[in-house]
Amino acid sequence: MSAIVATMRESIRIGCGAGFWGDSPEGPRQLVRRGGIDYLVLDYLAEITMSILARMKTKNPALGYATDFVSLVMKPLAREIAEKRIRVVTNAGGVNPEACRDALLAAFKEVGVELKVAIVTGDDLSGEAERLRAADVSEMFSGAPFPERIASINAYLGAFPIAAALAAGADVVVTGRCVDSAVVLGPLIHEFGWTPEDYDRLSAGSLAGHILECGVQATGGIVTDWREVAADWADMGFPFADCRADGSFEIGKPAGTGGRISPATIAEQVVYEVGDPAAYMLPDVACDWSQVKLEASGSDRVRVSGARGRAPSSSYKVSATYPDGYRCATTMMIVGDDAVSRAEAVAKAVLARCGRLIREAGFPDFAETSVETLGAEASYGAHSRAQTTREVVLKIGVRHPSKEALQIFAREIYPAATAMAQSLTGFAGGRPEPQPVIRLFSFLIDKAELHPTVSLGEASLPVPAHIPAAATDAPSPASAGADVAEATGDTVTVPLVALAFGRSGDKGDIANIGVIARDTAFLPWLRRALTPEAVGQHFAHHVQGKVERFDWPGLGGFNFVMHRALGGGGIASLRHDPQGKAMAQVLMSLPVPVPAVWLAPGGSLHGFKTTDDA
């Protein structure tokens, strides 16, 4: 396979048309037809997606990839993509990049378009399960031993194999598991000739990928100040980045599309699912985004700067998934006075009844149960203000090693309709079907043990990982010496949302909440109120592990990392919010003491209600 040297351009435009498997095909259409893009990238994979794709491949060797990419994106747009010479990079290959490539080539032949498709392989370690188990590999967070049964094992590859595929002449690059940001960083490495030691540029390119990778989350989707964007929700613009060789870039969206791009909306996406902002570890670079700056550079344009990088580690992160029994859940509505109390009584009775019948059938008791009264602010725990609400949806979830035991549960919840609370109605979706519980198992593996390979046509090109002599450690942004407010005068409490924006997300069973001050003058008061202990207490009904706080000086805020916070996370969790998507909003109600003068006429919060008034 011969390398093709790319022509150096002053800048390139990369648009992201999908943030997850199931995202709208409107995104790619919008960017191809109206975005003026050079590259279209699409991110389809999450940890749980890999286990779903693995099950698909087990049932049908021709599956195991994101089929939407072929049928809903590339086949309808192939001719326009070819005519505009747009190159495409995606991780849609899932656990079967070869099948994805074959389906693409068949689709291109059907529509009469010739596009070269390269695949990146080497991430799939499912054949190494016995060796890894024998090597006593343990889970990197909990220390748990390697599971007895495995559904999938995939390493997070970096961006250099993607760059190699583009250099070899690929029009479309399909990968298996890689870090989400790599689909953006790969084209930048190729176009601008970045080397494995260009750490600051690699960090900046990874930040561009991190901002773009979730699609319309970067253009005003799921922002704290939702009223400013709600009128545009029906036609949200998908994001693009105008990137330059020095690593600088600006975020924008196609003209005439809905949404909002501002320093505040981009900041919310920057903090999304990041732990320590000074040590965001990727295969190609250890990123320091603690001093990132965001500036409005035009209408719906934001300039991003300040990313720094260091040498990466000598390891890849690997995510394995494994089965752990079955789960089943049901919902029902209860209406009237004392609805919350009646729902709680129904849940207690249903679990007692089903538990008895399961034991009588010779099975052990439930491994785990979960009861949430939706409408009574179950997400807020002891901070609920809705205990007198007159309409709730009761959700009961259970887990058990046996599918047959959960079929008893699925059958025996319905007698509640005639035996228990009046007004019990609305069993959603009929009798629930037990579903497999899939858990995440993360560990590290030496880069030297993997062999990433690019395949284009009949040719194959190994792309060994760059392994630095030594990774460089850097301290987290220290809060020592940072201003902490002293309450010397009268204070009142306001909800956190008056002072800050927030965004939450997940990494397995770890929840992350980024908090960004609306005004830097608020920071000392936020630092005083938002201690790890206070945040942990606010989420005491969910968080079972430690809470960490990292300062984020560039953005003027903090990042909170809460361990064992999601009931197992993903589809291992019985919760209604297994990925922590609502947790930022729960934190936004936390009362924060501020100077009373701020609410007086002329004050920075004049006209805002205190928590006592809310």
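The following exchange walks through confidence, strand pairing and aromatic contacts in a predicted model.

Visitor: Over which residues is the pLDDT below 50?
Guide: The protein chain averages a pLDDT of 93, and 96% of the residues score at least 70. One stretch that falls below 50 still has 8 contacts in the model beyond near neighbours in sequence. Where pLDDT is low, the predicted coordinates should not be read in detail. The stretch in question is residues 2-6.

Visitor: Which strands stand at the edges of the open sheet of 4 strands?
Guide: The sheet has the order β21-β22-β24-β23 with antiparallel pairing. A strand at the edge has a single partner strand, so one side of it is left without a neighbour in the sheet. That description applies to β21 (500-507) and β23 (547-552).

Visitor: Which residue in β24 does Asn512 stand opposite?
Guide: Strand β22, covering residues 510-517, pairs with strand β24, covering residues 557-562, in the antiparallel sense over 6 bridges. Opposite Asn512, in β24, stands Val561.

Visitor: At about what angle to β21 does helix α9 run?
Guide: Helix α9, which spans residues 263-270, lies across β21, β22 and β23. Its direction relative to β21 is given by an angle of about 25°.

Visitor: Which residue takes a positive phi in the hairpin of β18 and β19?
Guide: Strands β18 (residues 453-456) and β19 (residues 459-462) pair in the antiparallel sense over 4 bridges, and within this pairing the bridge partner of Ser455 is Ser460. The hairpin has 2 residues between the strands, and the positive phi, near 65°, belongs to Gly457.

Visitor: Why is the aromatic pair of Phe441 and Phe443 tilted?
Guide: A pair of aromatic rings is described by the distance of the centres and the angle of the planes. By the rule applied here, the count comes to 12 aromatic pairs. For Phe441 and Phe443 the centres are 6.0 Å apart, and because planes under 30 degrees apart count as stacked and those over 60 as edge-to-face, the pair is tilted on account of its plane angle, 55°.

Visitor: Are Phe558 and Phe560, which form another aromatic pair, buried or exposed?
Guide: Phe558 and Phe560 form a tilted pair, at 6.3 Å centre to centre and with 50° between the planes. Buried means under 20% relative accessible area, and both Phe558 and Phe560 are buried.

Visitor: How far from the ring centre of Phe240 does Arg13 lie?
Guide: The charged end of Lys447 sits over the ring of Tyr316, 5.7 Å from its centre. Arg13, for its part, lies over the face of Phe240, and its distance from the ring centre is 3.8 Å.

Technical notes. Residues numbered from 1 in each chain as written. Predicted model: local features only at pLDDT ≥ 70, side-chain atom pairs only at ≥ 80, totals over all residues. Heavy atoms only, no water. Pairing = 2+ DSSP bridges. Phe/Tyr/Trp six-rings, centres within 6.5 Å; stacked < 30°, edge-to-face > 60°. Buried < 20%, exposed > 50% of the residue type's maximum accessible area, 1.4 Å probe, protein only. Lys NZ or Arg CZ within 6 Å of the ring centre and 35° of its normal. pLDDT = per-residue confidence, 0-100. Contact = heavy atoms within 4.5 Å. Axes fitted to C-alpha atoms, helices over the stretch in contact; angles between N-to-C directions.
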